[in-house]
Amino acid sequence: MRFRTKHRHMIDLLFPVALFFVFALSALTVLLIAARIYQSTTEHSSLHDTSRTSLSYISEKLHQSDEAGSVSLGTFDGCDALIIQQTHGEHTYYTYIYSYEGQLRELFVKAGVNTSASSGMAILEVQDFSMEELSDGLLKFSCTDQEGQTTSSMIGLRSR
């Protein structure tokens, strides 16, 4: 009785190895493409959200301080500013939100204290920031970020 022995050919080894490398290369290509898309999306998102973020910040500050006579538009050290007046105990404080040297800034000071616009804490970098009172209790804010994208927001005060 004669037993048949299987002869192994070179293709029996090369085919699975080649198939493995094709699979690995395909998986690596998909991974690199996905990483590039994610990086592009996050860069786009972070660059274009600056103007909306600044307006959301201002909106939240206004809603927190919405009391009769506490919110006004004016100037602070030569800059147009949103002025929020607050009373804590016996003392009056002012919060100024304004644009200075390409930055949206906020400054919280006690009434009567002399200070300058450079003293404010930088919130975000902006190219331009403007505000106007459209009617009694309706304020319009516009912000242009460093990329030139302009966003506007109108905020109504309930306490007026």
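These are my notebook entries on a predicted model of one protein chain.

**Entry 1: overall layout.** I started with the secondary structure and got two helices and eight strands. Along the sequence the order reads α-α-β-β-β-β-β-β-β-β, with both helices ahead of the strands.

**Entry 2: dimensions.** How does the radius of gyration sit against the globule rule? I get 30 Å for the chain, where a compact globule of 160 residues would come out near 15 Å. The box around the C-alpha atoms, along the principal axes, is roughly 110 × 30 × 30 Å.

**Entry 3: burial and surface.** I looked up how much of the chain is buried: 28% of the 160 residues. The exposed area is about 11200 Å², and carbon and sulfur atoms supply 55% of that. For contacts I took pairs at least 6 apart in sequence; 33% of those join residues at least 24 apart.

**Entry 4: helix 1.** Helix 1 covers residues 10-48, and Ile11 is in it. Is Ile11 buried or exposed? Its relative accessibility is 55%, so I put Ile11 down as exposed, the cut-off being over 50%. Ile11 also belongs to a nonpolar surface patch of about 980 Å². The other members I noted are Met10, Leu13, Leu14, Phe15, Val17, Leu19, Phe20 and Phe21.

**Entry 5: the cores.** Next I went for the largest nonpolar core, which has 16 residues. Inside this core, Ile58, Leu62, Leu82, Phe129 and Phe141 have the most contacts. Which elements give two or more residues to this core? I found helix 2 (50-64), strand 2 (79-88), strand 6 (128-135) and strand 7 (138-144). Another core, of nine residues, lies apart from that one, and includes Ile83, Tyr96, Leu107 and Ala117.

I then pulled the contacts of Leu82, leaving out residues up to four places away in sequence. Leu82 touches Ile58 and Leu62, then Val71, Ser72 and Leu73. The rest of the Leu82 list is Thr95, Tyr96, Ile97, Met131 and Phe141.

**Entry 6: salt bridges.** How many salt bridges does the whole structure hold? My search found one. Its partners are the side chains of Glu106 and Lys61, at 2.9 Å, N to O. Glu106 is in strand 4 (residues 103-110) and Lys61 is in helix 2, so the pair, 45 residues apart, links distant parts of the chain. I checked accessibility at the acid end too: Glu106 has 11% relative accessibility and therefore counts as buried, since the limit is under 20%.

Terms used. Residues numbered from 1 in each chain as written. Predicted model: local features only at pLDDT ≥ 70, side-chain atom pairs only at ≥ 80, totals over all residues. Heavy atoms only, no water. Patch = residues over 30% accessible without salt bridge, like charges linked within 9 Å, V, L, I, M, F, W, Y side chains within 5 Å. Areas by Shrake-Rupley, 256 points an atom, 1.4 Å probe, with all protein chains shown as cover. Salt bridge = Lys/Arg side-chain N within 4 Å of Asp/Glu carboxyl O. Helix = DSSP H or I, 4+ residues; strand = E, 2+ residues; numbered from the N terminus. Buried < 20%, exposed > 50% of the residue type's maximum accessible area, 1.4 Å probe, protein only. Rg over C-alpha atoms; globule rule 2.2 N^0.38 Å. Contact = heavy atoms within 4.5 Å. Core = buried A, V, L, I, M, F, W, Y, C linked by side-chain atoms within 4.5 Å.
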